[in-house]
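Colleague: I've got this model open and I'd like a close look at a single part of it. Could you take me through one helix, then work outwards from there?

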Amino acid sequence: MNIRDKLKRPIKDLRISVIDKCNFRCPYCMPKDIFGERYQFLKNDELLSFDEIYNITNIFSKIGVEKLRITGGEPLLRKELPVLIQKLKSIDNIKEIALTTNGFLLKKHAKDLKEAGMDRLTVSLDSLNSESYKKLNGQNLDLDRTLEAIEYSNLLGFENIKINCVVMKGINENQIIDLAEFGRKNNIIVRYIEYMDVGNINGWKPEHVVSAKDIINIIEKKYKLTPLDSNYYGEVASRYGFSDGLGEIGIISSVSKPFCSDCTRSRITADGQMYTCLFTNSGHDLRTAIRSEKLDDFEQYVKSIWENRTDQYSVLRSKGKLESDKVEMFKIGG
Ligand code: SAM
Ligand code: SF4
Ligand code: SF4
């Protein structure tokens with residue numbers, strides 16, 4: 001069954017947050033002064049169980065979802081994650097499972113994840129300078145460990161590993177070229193993400209954003225780029241190849257060039273709230289619905305949520321309409 005929302009967009013992707021905790025305190029997502037030792041994260045019994053995640057995903061797959069992305073918080077903090085991956089992999093219509101991680105714990109888990117059926121990895125890495133990396137992760141944690149994990153995952157045979165870099169004005173623009181060269185050398189696609197106004201706590205201002213155009217200009221001072229076609233409908237990153245044929249980059253321009261018209265992504269938080277946009281303020285409580293065990297009604301419920309979807313926040317933002325009350329990134333997972 002292929003359903004469409006009010007703007008005729010199909011549902012193709014499901015992003016599953018498996019935990020809200022994180023071992024990093026990136027200032028744009030979980031600023032350290034707010035997420036201190038006393039911060040109350042979800043308790044274990046508030047998290048969806050693996051069976052519940054499986055049942056929910058199974059229903060989503062029946063209405064069109066083909067791709068899953070496991071995220072968090074930091075998803076590698078969820079115990080026994082490979083067990084979940086193996087379960088999700090057995091669902092008929094699911095063609096691909098990917099993981100977004102900060103990479104710090106990846107070396108320890110990469111082999112088990114690969115064996116469980118994880119198809120692709122995206123590692124978030126905002127700097128290749130060890131001092132600024134320590135600052136940007138908010139916990140003084142070492143860059144080498146993340147780099148080793150990327151190298152090891154490559155050796156294990158993970159193909160198309162990607163790096164996500166959130167570019168912030170005056171903070172890590174000077175890392176754009178270094179990351180591009182790292183990608184070229186290691187056969188990794190670096191995706192530069194415009195800093196977004198997700199949530200309400202990171203103090204985002206439009207002037208903190210380095211636009212896609214500026215990112216391209218910085219790279220083109222050293223390397224010529226050629227635009228490439230999208231790989232598939234709904235791909236969020238605009239692709240560019242290096243004109244000498246060695247490697248490619250992606251740019252996610254949610255702020256300067258919104259792509260809401262192709263947005264096929266649904267999201268669930270670790271406690272089972274479904275969000276139809278990264279920037280909405282309220283979710284739909286799937287946990288209560290799935291715990292009521294009426295699975296036929298549940299499919300109808302999810303279907304009607306999608307069919308009534310009208311979200312296009314980034315388009316509205318570009319017309320000057322800013323929301324003040326939005327779900328936080330560490331809950332919704334990106
Ligand atoms: N902890 C994992 C990680 O960092 O890869 C997964 C969750 S994290 C919320 C998912 C992605 O969102 C990361 O690539 C992160 O850099 C990105 N992100 C977080 N806050 C952001 C913001 N305000 N603007 C743009 N990207 C953001
Ligand atoms: Fe943690 Fe990822 Fe948020 Fe950084 S972006 S604080 S690694 S959840
Ligand atoms: Fe999708 Fe919302 Fe982002 Fe637009 S703003 S691309 S609808 S998540």
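Which elements do the buried residues of α6 pack against?

Modeller: Sure, and keep in mind that the model is predicted. The buried residues of α6 pack against α5, β5 (162–167), β6 (189–194), α7 (212–220) and β8 (238–242). The helix itself covers residues 176–186, and its buried members are Ile-176, Ile-177, Leu-179, Ala-180, Phe-182, Gly-183 and Arg-184. Just past the end of α6, Asn-187 has a positive phi of about 60°.

A good way to see the packing is from Tyr-192. Leaving out residues up to four places away in sequence, Tyr-192 touches Ile-176, Leu-179 and Ala-180, among others. Its contacts also include Cys-165, Val-167, Ile-215 and Ile-219, and further along the chain there are Ile-249, Gly-250, Ile-251 and Ile-252.

Step back a bit and Tyr-192 turns up again in the largest nonpolar core, a set of 102 residues in which Ile-70 and Tyr-192 have the most contacts. The biggest contribution to this core comes from helix α1 (residues 50–62), with five residues. As a general point, nonpolar side chains in soluble globular proteins tend to be buried together. Not everything in α1 is tucked away, though: Asp-51 is in that helix, and it counts as partly exposed because its relative accessible area is 47%, between the 20% and 50% cut-offs. From Asp-51 to Ile-70 the C-alpha distance is 15 Å, with their positions 19 residues apart in sequence.

One of the partners of α6 is α5, and the loop leading from α4 (130–136) to α5 (143–156) is where Asn-137 sits. Asn-137 is buried, because its relative accessibility of 1% falls under the 20% limit. Beyond its neighbours within four places in sequence, Asn-137 contacts Phe-24, Arg-25 and Cys-26. Phe-24 and Cys-26 lead us on to ligand 2, whose surroundings also include Cys-22, Cys-29, Met-30, Gly-73 and Asn-102. By class, that shell splits into five nonpolar and two polar residues, with no charged ones.

The shell of ligand 3 does have charged residues: four of them, along with seven nonpolar and one polar. Around ligand 3 you'll find Phe-259, Cys-260, Cys-263, Arg-265, Arg-267, Cys-277, Leu-278, Phe-279, Arg-309, Asp-311, Tyr-313 and Ser-314. Both β10 (265–268) and α10 (313–318) supply at least two residues each to this shell.

Phe-259 also takes you to the second largest pocket, where it is one of the residues closest to the centre, together with Ser-230, Glu-235, Val-236 and Ser-238. The volume of this pocket is about 230 Å³, and its lining is made up of seven nonpolar, five polar and five charged residues.

Last, back to the backbone. Most residues other than glycine have a negative phi. Besides Asn-187, with its positive phi just after α6, have a look at Lys-8, which has a positive phi of about 70° without being a glycine. Lys-8 lies in the segment before β1 (13–17) and is exposed, because its relative accessibility of 62% is over 50%. Glu-80, another non-glycine, has a positive phi of about 60°. Its place is the loop between β2 (67–71) and α2 (81–89), and with a relative accessible area of 56%, Glu-80 is exposed too.

Key:
Residues numbered from 1 in each chain as written. Chains lettered and ligands numbered in written order. Predicted model: local features only at pLDDT ≥ 70, side-chain atom pairs only at ≥ 80, totals over all residues. Heavy atoms only, no water. Near = heavy atom within 4 Å. Helix = DSSP H or I, 4+ residues; strand = E, 2+ residues; numbered from the N terminus. Nonpolar A, V, L, I, M, F, W, Y, C, P; charged D, E, K, R; others polar. 1 Å grid on protein atoms, 1.4 Å probe; cavity = no way out; pocket = protein on both sides within 12 Å on 5 of 7 lines; lining within 4 Å. Points joined across faces, edges and corners; volume = space filled by probe spheres on them. Core = buried A, V, L, I, M, F, W, Y, C linked by side-chain atoms within 4.5 Å. Buried < 20%, exposed > 50% of the residue type's maximum accessible area, 1.4 Å probe, protein only. Contact = heavy atoms within 4.5 Å.
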